[in-house]
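Visitor: Please take me slowly through one part of this protein chain, and then show me how the details found there compare with other places along it. I am new to this, so please explain each term as you reach it.

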Amino acid sequence: MKVKYLPVKFFYSFPIQLLLLHFRKYQVLLIFWAILFSTINGGFAKVFGGDALYLAPEYLGQVNFYSTTILGLSTGLFTMSWNITTFILHTGRFKFLATTSQPFFKYCLNNFIVPVAFIINLLIRSWEYQRYQQLSSVPEIMLLTEGFICGYLFVIFFSFFYFFNADKNIGRRLEKKFGTPRDFLRLVLKPTQEKDENALPVTNYFNSPWRIRRARNVDHYNKHYLDSILKQHHYAAMITVVCALFFLVLLAYMMDYPFFRIPAGASVMIFFAFLIGIAGAYAYLLQSWAIPLALVLMVGMNWMVEHDLLDNRNKAYGLNYKQHDQRPEYSTVALQKFFSEKRRTEDKAQTLKILKAWRAQFPAAQRPKLIVLNFSGGGLRAATWSMNVLQRLDSIMGGQLMNQTVLMTGASGGMIGATYFRELYLQKAHGRSLNLYDSSFTERTGRDLLNSIFTSMSVNDFITPWRSFKIGDNRYAKDRGYAFEMQLNANTDYVLSKTIGEYREPEQEAKIPMLIWNATINADGRRLIISPQPVSYLCAPAYPKGKQTWQDVDGVDFTQYFAKQNPMHLRVTSAIRMCATFPYVLPNVFLPSDPIVDVMDAGIRDNFGQDVSMRYLYTFRDWINANTSGVIFIQIRDTRKNDIRPIQKTKVLTDLMFDPLFTMQQHWSSMQDFGQDDKLSYLEGYFPIGFHRIILQYVPQKEDKAAALSFHLTSREKIDIAGALDNPTNQASFDSIMSLIKKPALVE
C-alpha cells in the first residue's frame, strides 16, 4: 500500500510543489536562471564569450582561487536573493511553514532543485572548460573549485545565521503583540472562518537535509496570526536586497581601483540578485497594478529620453561637445558642399608630400615595393592574429615592414593589433629599448577586455548612470565604453594613451605609415574616416569627370568635418573603440553634429578594411606607377576566405521561420568578400608595374575549435592563433612577400 501512494506523496511533496509553482506563477523570475543556464552552456551570449565570464572568471588579470571565490560569493548572493524573493511571493500558499522553527531555512532547504542543478551544471562545465580550453592541471582545477564552493557556502551559512537570529527577534515581537502566553495560545488556536483559496496541498517536506517530515495541518490556526509571522520574515528578508544595491553602488564608485574590479560574472550575478529582488518586491507590493504601472513608467522614460531629460549617450573622449552653435550640419547637401573638388585636390597634394617623403628613404636608383596592410575585424581573435602576423612579417623582413608600408587600415579588432604594433615601432624609432618580437606584446594584445566591459555594464550603466569624468572642460559618462578604454590602456602598458593628433607629424615625415580607423554612421551607412591627415579624397568615388555637378559622398573625413570640435584631441583608444563597437557589447558613440548622429563597428560597412585602401591606391595610381616597382596588397584576416558554411540537409520549423530574416547577417562577410574581389580585379588593371594580392588568414588547427569572436581568449585559443602562422598556406604567403621584396626594380 505504501508503494502505491509513493508517487502521490512525491508529487505533493514541498520541493516538487515549489518547482511547479515557479513555472505557474511569476515566470519572469525564472528568466534569470534561464539566462545563466544558457550562458554557461554556450547558448546565450556565446558570440561575445559570455561563458568565459563564469567558467574562467578573472580577478586582477588572473583566474585563481580568489577569482572563483568571488564568483562563489556572488552566486550565493544571487541564490539567496532568489530564495528571499520567492519566499515573500509564495509562502502565503504554504502556511504550515509558520508553525515550524526557522521557516526561511525550511523554505530554502526545499527550494533546492533549481539552484543545485545550476551549481552542478556550472561545476561540470567549469571542469571541462578549465581542462580543455584553459589547459589547467587537475590540482589547479580542484583549487578553483574549492574557491567557488567556499565562497558559495560562506554566503549561505552567513544568511542562515542572520535568519536564525531574526527568528528569535520575531518571536519576541509576536509575544509583545499578542500579550500573555494564555492570550497568545487562545488567539493562535482560534481558527478563522475565512478559507484560504491560495493554499496549496503539501504532504511532506525536508525538515533537514537528511530528514523528511509530514506537513502539519494548520486549519486550526488563526490565519491572521500565520500571516503576521510570514510578514515579519518578509521584512527581514528585504535587507538582503538593500545590501545588494549598496554593494553595487560601492563597486561603481570604486571601479577606478583594480582591487574593486571583481570578475564580470560576479558583477552580473550581483546585478541579477538586485533585479530579482526588485522584481519580486514590485510584484508583491503592486499586485494587479504591476503591469499598468510598468507601462506608465515606460511611457515616462520614453518622454524623458525624447526631450533630453534622460541623456546618457556615449561620447568620443577628447572631442568638444559644448559649442552647439558651431556643430556641423549633417545632411546630404551639406556633405556634398563641404567635400568639394577643391578640398579633394588640396588633400591629395598633402598626401603626395607624405608619399614623396616615404620614397626619399630608399635609394634614388631603386624603385621600392609599396605595401598596403588591411586588417579584418574579429574581436581579440583578430587583434592577436594581427599582432602575431606583424611580428613574424617584420622579423623575416629584417625590421623593414613599417618602412615599406604606406597605409594601414581596417576594421574592429584587427585595428587594435595594428595600432599597438605601429606605436611600439614608433617608440623604438625614438630610442626606446624594446624587442618588437617579444611574445609579451602578443600576450598583452590578447588580454581580457570582456570582464571590464560586463562589470561596468552591471554596476555603472544600470545602477549609477550619472557618474562621469572630465577631460579638460568636457565631461563624459563613465560607462562600459570608459571601462573598455581604461582596460585597453592597462593591457598595453599605457602606450596607446595618446591623442590622434600626436601621430600627425610622424606620419607626415613618413616615419610611420598612415593609419586610418573607420566606423559606420548609423543614420545612413556612410563611413566615418578617422585620420590625423586630411583625407577627403577617400570620402567619395573618383568618378571620371562628366556632366554631373555633384558627387556621391559616402564617407566623412572626421578631422576636417569636426574641425571646430578639437578632433586632434580625440583619444587613440576612442578611435579604436569607434572602429570596434560591437553591437550591445560597447555603446554607440554619438558625434557633435546637427542633428546628432552615432557610429558603430566598421565591419558593418567593410569588415576586411579593403575599400578605403583600394580607393587610396586608385587615387594615387599615377604616382605609384611612376615611383615604385609594384604594390603588395596584404590582407590580414581572422577568418578563412571563401569559407562555405555547412549546408543543412534537413530543416526544422524554426529554420523555415527565421532563415529569411537572418540570411544577410549570416552571409554578410561572404557578400563583402565577393564585392571586394570584384573591385580588386578591376584595380589590378591600373597597375601595369605589378599588383600582388597576398592573404594571411587565421585557419584553426581544428575546424570545430576556432577561437571565438569575443573580447576574451582562452589559453588554448591563443596557442591555436599563434600556431596558424605555420599553416602551409600562410608560409607560402610569407615566402611570396619575401620573393617580391627581394626583387627591387631599377629606375629607367
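Guide: What follows begins with one helix and then moves outward to charged pairs and loops. This is a predicted model, in which local features need pLDDT of at least 70 and side-chain atom pairs count only at pLDDT 80 or more, while totals for chains, interfaces and linings use all residues. Residues are numbered from 1 along each chain as its sequence is written, and side-chain values use heavy atoms, with hydrogens and water left out.

Let us begin with helix 7, which covers residues 113-132 and includes I120; helices (H or I, at least four residues) and strands (E, at least two) are DSSP runs numbered from the N terminus. I120 has a relative accessible area of 46%, so it is partly exposed, where buried means under 20%, exposed over 50%, and partly exposed in between (1.4 Å probe, protein chains only). Together with F112, V116 and I124, I120 forms a nonpolar patch on the surface, and the four residues have about 320 Å² of accessible area together. Such areas come from the Shrake-Rupley method with a 1.4 Å probe, only the protein chains shown counting as cover for residues. Patch members have over 30% relative accessible area and no salt bridge, like charges being joined within 9 Å and nonpolar side chains (Val, Leu, Ile, Met, Phe, Trp, Tyr) within 5 Å.

Helix 7 also offers a charged pair, since E128 and R125 are three residues apart in that helix and are thus separated by about one helical turn. Their side chains meet in a salt bridge, at 3.3 Å from N to O, the term meaning a side-chain nitrogen of Lys or Arg within 4 Å of a carboxyl oxygen of Asp or Glu. E128 is partly exposed because its relative accessibility is 36%, whereas R125, at 18%, is buried.

That pair can be set beside others, for the structure holds 13 salt bridges. One of them joins E443 to R447, whose closest N and O atoms are 3.0 Å apart; E443 is partly exposed, with a relative accessible area of 36%, and R447 is partly exposed as well, at 28%. Another joins R615 to D554, with 2.9 Å between the closest N and O atoms. This pair links distant parts of the chain, 61 residues apart, because R615 lies in helix 25 (residues 611-619), while D554 lies in the loop between strand 10 (527-530) and strand 11 (555-557). Both R615 and D554 are buried. In addition, R527, D611 and K679 are joined into one network by salt bridges that share partners.

Turning to the backbone, helix 3 (residues 28-40) has L29, L30, F32, W33, L36, T39 and I40 buried, and just after helix 3 comes G42, with a positive phi of about 80°. Y494 has a positive phi too, of about 65°, although it is not a glycine. Y494 is found in the loop between helix 20 and helix 21 (504-508), where its relative accessible area of 51% makes it exposed. Y584, also not a glycine, has a positive phi near 75°; this residue lies in the loop between helix 23 and strand 12, and it is exposed, with a relative accessible area of 71%. Finally, the peptide bond from D594 to P595 is cis, with omega near 0°, and P595 sits in the loop between strand 12 (589-591) and strand 13 (597-600).
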